[in-house]
Structure formats: structure tokens, C-alpha cells
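Got the viewer open? Let's take a walk through this model, one selection at a time.

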Amino acid sequence: MNAAKLYATAAAVMFLVAGPAGADNVNLVANGTFEASAAGWRAENATLTLAGPGAVGTGAAQVSLTGSATSYYLYPTPRPVGSTVAGATYTAGAFVRSSFRGRRLCLRLREWSPSGAAVGAFSTCLKSNRGWQRFNPISWKARSDGNELEVYAYGVDARPGDSFLVDEITLQT
């Protein structure tokens with residue numbers, strides 16, 4: 001293969017993998033990999049610790065139910081998108097697993113108005129198993145300029161002692 005063909009083939013592969021020049025493939029979530037810490041994340045109705053190995057890399061967030069709540073959450077603070085663009089599409093993804101098979105684990109995108117009211121949300125859920133599973137990507141079209149957007153993982157229909165691990169939380173435009 002000559003050098004020109006090799007260069008053209010390499011460029012085509014890069015385009016297919018990375019997308020066209022200027023495509024926004026930046027993860028808007030800070031520390032969605034949990035490699036060194038859980039900084040920027042909080043848990044509700046749960047404790048948050050680091051565990052491993054992750055789906056990608058060595059770290060993951062472990063979210064463990066506390067008390068008698070039936071749902072528990074891991075969410076970023078601050079919200080990853082501080083000012084939405086009306087009509088822009090945001091897409092989220094994550095990996096999840098649990099030692100407890102058959103638990104309902106979900107990933108949600110939610111848009112908030114500047115006054116703090118929820119504008120809308122979209123979720124995808126799966127039944128947990130012990131191996132890492134990737135959520136089907138979810139997308140949300142922002143309804144207004146200047147709103148906030150978050151992505152978070154949660155468990156529902158929880159029982160005492162439930163927990164899940166989550167890794168590689170992403171949010172992109």
C-alpha cells in the first residue's frame with residue numbers, strides 16, 4: 001500500500017471513530033469515571049463510596065441504599081449544563097451493575113428552569129445483573145435557553161441492603 005492510500009485509509013478510520021471535524025464529543029459531566037474520587041457527586045437516600053474495578057478503568061461509584069427508602073440516587077453537583085440552548089439535543093450514557101440481580105436501575109436526563117422547577121425529563125431503565133451493562137443512550141431536546149440539565153443514576157423498588165455501581169457517566173451535545 002502506498003503512502004497516499006495509507007493516509008486516506010487512516011483519515012477515513014479517524015472520521016468514522018471520532019466524527020467530522022468540529023463535532024462536539026466532549027463529556028459535559030465532570031468526573032463521570034470515578035477513577036480517583038467521587039468529587040462533584042452526591043447521593044440521596046444512600047451513601048456514596050468508590051469501588052472497583054469499573055466498567056472502564058479501575059474506579060466506579062458505589063451507591064448503597066440507606067434507611068427504608070424505596071428509591072435512591074446519584075447526581076452531579078453542580079448540574080453539568082448550566083445554560084441550555086433551546087432545541088439542542090443532549091445525549092447521556094452510563095454503565096451500571098449490582099450484586100443484586102433483577103433490580104430496576106435507571107438513567108435520567110432532567111431539565112430545570114432558572115426558578116428551580118422541573119421542565120421535563122426522560123429515563124431509561126434496565127434490570128440489574130452482576131456484570132456491567134450499558135444503558136441504552138438517552139437523548140433530550142432542550143426546551144428553552146438558559147435552563148439547567150442534569151444526568152443521574154438511580155434505583156427504584158429498592159430493598160434494604162441494595163446497592164449499585166455506576167461508571168462512565170457521559171453527557172454530550
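Start by selecting Arg 79 and Glu 148: their side chains meet in a salt bridge, 2.7 Å from N to O. A salt bridge here is a side-chain nitrogen of Lys or Arg within 4 Å of a carboxyl oxygen of Asp or Glu. Arg 79 sits in the loop between strand 4 and strand 5 and Glu 148 in strand 10, so this pair ties together parts that are 69 residues apart in sequence.

Before you click on, a word about what you are looking at. This is a predicted model, where local features need pLDDT of at least 70 and side-chain atom pairs count only at pLDDT 80 or more, while totals for chains, interfaces and linings use all residues. Residues are numbered from 1 along each chain as its sequence is written, and side-chain values use heavy atoms, with hydrogens and water left out.

**Next: grow the selection**

Keep Arg 79 and add Glu 150. These two form a salt bridge as well, with the closest N and O atoms 4.0 Å apart. Again the pair links distant parts of the chain, with Glu 150 in strand 10 and Arg 79 in the loop between strand 4 and strand 5, 71 residues apart.

Now add Arg 110, which makes a salt bridge with Glu 150 at 3.2 Å between the closest N and O atoms. Here strand 6, home of Arg 110, is linked to strand 10, home of Glu 150, across 40 residues. With that you have a network of salt bridges: Arg 79, Arg 110, Glu 148 and Glu 150. The total count of salt bridges is four.

Is Glu 150 buried or exposed? Glu 150 counts as buried, at 5% relative accessibility. (Buried means under 20% relative accessible area, exposed over 50%, and partly exposed in between, using a 1.4 Å probe and protein chains only.) Its partners Arg 79, at 27%, and Arg 110, at 22%, are partly exposed, and Glu 148 is partly exposed too, at 30%.

**Then: the cysteines**

Select Cys 106 and Cys 125. They form a disulfide, with sulfur atoms 2.0 Å apart; the cut-off for a disulfide is a pair of cysteine sulfur atoms within 2.5 Å. The link joins strand 6, where Cys 106 lies, to strand 7 (residues 118-127), where Cys 125 lies, 19 residues apart. Turn the view to look along the S-S bond: the angle about it is 105°, and the link is right-handed. Cys 106 is buried at 1% relative accessibility, whereas Cys 125 is partly exposed at 31%. A search of the whole structure finds one disulfide.

**Into the core**

Which residues touch the most other members of the largest nonpolar core? Select Leu 74, Leu 109, Val 151, Phe 164, Val 166, Ile 169 and Leu 171, out of 31 residues in that core. (A nonpolar core is a set of buried Ala, Val, Leu, Ile, Met, Phe, Trp, Tyr and Cys residues joined through side-chain atoms within 4.5 Å.) Strands giving two or more residues to this core include strand 3 (60-65), strand 4 (71-76) and strand 11 (163-172).

Zoom in on Ile 169. Leaving out residues up to four places away in sequence, Ile 169 touches, among others, Phe 34, Trp 41, Leu 74 and Val 151; contact means heavy atoms within 4.5 Å.

**Last: zoom out**

Switch to a cartoon view. The protein chain has one helix and eleven strands, taken from DSSP runs numbered from the N terminus (helices H or I, at least four residues; strands E, at least two). Of its 173 residues, 36% count as buried.
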